[in-house]
There are 2 protein chains.
Amino acid sequence: MSNKKMEKSEEKCALQEILGVIGGKWSMSIIYALFPGKKRFSELERLVPNINTRMLVKELKNMETNGIVVRKVYATVPPTVEYTLTPKGQKLEPIISELYKWGLEYVG
Amino acid sequence: MSNKKMEKSEEKCALQEILGVIGGKWSMSIIYALFPGKKRFSELERLVPNINTRMLVKELKNMETNGIVVRKVYATVPPTVEYTLTPKGQKLEPIISELYKWGLEYVG
């Protein structure tokens, strides 16, 4: 495989991998909801339209595994769970904001 | 609902709508493959890793409906079908390129 083609195919796989991490329909909306700062599970459930509890649990676990969010449990009764974007997650803010601007122009 | 909250919830729905258009795991990879220029269906099948024919047909139909790509059929035997990004689709290039750079730093 020529060098140029190799580069191209590495590029494509990387994009596929990236979208596997944050490409899901819900992940970007959850990240967007966390930009202003840490949020509790119940707050995220309210802030992300149409998401159900099971899907939010699954997405947050995936995002935690991928280092996009950190999860903190407080020993209150019942326990309180807070989610915060990692620096890696925060770096997505300009991208998602640009995506949002594109959407306002072309989708809204 | 206070004005600020109204704005916030409109913002969230818009993002959800945007991601409905281009948020799918495959759509961004297809758009990425079309940045250099028009492509035939078979070329897209080769350029987007792990996608199957049924999924590519579905995604391209969705993208055509949403004005992201245009489809041209040439009366060859068998007919040739080419896909091109619309100006609306081309405008996603800087966003997907930034996403790609983020991914290289944090996912690759």
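**Figure 1. The interface between chain A and chain B in the predicted model.** In this predicted model, chain A and chain B bury about 3800 Å² between them, and 72% of that area lies on carbon and sulfur atoms. On the side of chain A, the residues that lose the most area to chain B are Leu15(A), Gln16(A) and Trp102(A), which together make up 18% of what that side buries. The contact involves 40 residues of chain A and 39 residues of chain B. Because 98% of the interface residues of chain A are also interface residues in chain B, the copies meet through the same surface.

**Figure 2. The relation between the two copies.** Two copies of a chain are related by a rotation about an axis and a shift along it. Here a turn of 180°, with a shift of 0.0 Å along the axis, lays chain A on chain B with an RMSD of 0.0 Å. This is the relation of a two-fold axis.

**Figure 3. A salt bridge across the interface, between Glu105(A) and Lys91(B).** Two salt bridges are counted between chain A and chain B, while the structure as a whole holds six over all chains. In the pair shown here, which crosses between chains, Glu105(A) belongs to helix H6 (residues 93–106) of chain A, and Lys91(B) lies in the loop between helix H5 (87–90) and helix H6 (93–106) of chain B. The side chains of Glu105(A) and Lys91(B) meet at 3.7 Å, N to O. Glu105(A) counts as exposed, at 54% relative accessibility, whereas Lys91(B) is partly exposed, with a relative accessible area of 45%.

**Figure 4. Helix H2 of chain A and the surroundings of Ser29(B) in chain B.** Eight of the eight residues of helix H2 (residues 27–34) of chain A are buried, so this helix is largely enclosed by the rest of the structure. Among the buried residues of H2(A) are Ser29(A), Ile30(A), Ile31(A) and Tyr32(A). In chain B, Ser29(B) is found in helix H2, and Ser29(B) is buried, with a relative accessible area of 6%. Leaving aside residues up to four places away in sequence, Ser29(B) touches Leu15(A), Gln16(A) and Leu19(A) of chain A, together with Val48(B) of chain B. The C-alpha atoms of Ser29(B) and Pro49(B) are separated by 8.6 Å, the two residues being 20 residues apart along the chain.

**Figure 5. The three-stranded sheet of chain B.** The strands of this open sheet follow the order S1-S3-S2, with antiparallel pairing. Strand S1 (39–40) and strand S2 (69–74) stand at the edges, each with a single partner strand, so one side of each is left without a neighbour in the sheet. S1(B) pairs with strand S3 (residues 80–85) over two bridges in the antiparallel sense, and Lys39(B) has Tyr83(B) as its bridge partner in S3(B). Helix H2 (residues 27–34) of chain B packs on the sheet and touches S1, S2 and S3, its direction making about 95° with that of S3(B).

**Figure 6. Two salt bridges within chain B.** Glu82(B) forms a salt bridge with Lys38(B), in which the closest N and O atoms are 3.9 Å apart. This pair links distant parts of the chain, since Glu82(B) lies in strand S3 and Lys38(B) in the loop between H2 and S1, 44 residues apart. Glu82(B) counts as buried, at 12% relative accessibility. In the second pair, the side chains of Glu98(B) and Lys101(B) meet at 2.8 Å, N to O. Because Glu98(B) and Lys101(B) are three residues apart in helix H6 of chain B, they are separated by about one helical turn. Glu98(B) counts as partly exposed, at 38% relative accessibility.

Note on methods
Residues are numbered from 1 along each chain as its sequence is written. Chains are lettered from A and ligands numbered from 1 in the order in which they are written. This is a predicted model: local features need pLDDT of at least 70, side-chain atom pairs count only at pLDDT 80 or more; totals for chains, interfaces and linings use all residues. Side-chain values use heavy atoms; hydrogens and water are left out. Buried means under 20% relative accessible area, exposed over 50%, partly exposed in between (1.4 Å probe, protein chains only). Helices (H or I, at least four residues) and strands (E, at least two) are DSSP runs, numbered from the N terminus. Two strands pair if DSSP finds at least two bridges between them. Contact means heavy atoms within 4.5 Å. Axes are lines fitted to C-alpha atoms, for helices over the stretch in contact, and angles run from 0 to 180 degrees between N-to-C directions. Copies are superposed by least squares on the C-alpha atoms of residues with pLDDT of at least 70 in both. Buried area is the accessible area (1.4 Å probe) that two parts lose on being put together, summed over both. A salt bridge is a side-chain nitrogen of Lys or Arg within 4 Å of a carboxyl oxygen of Asp or Glu.
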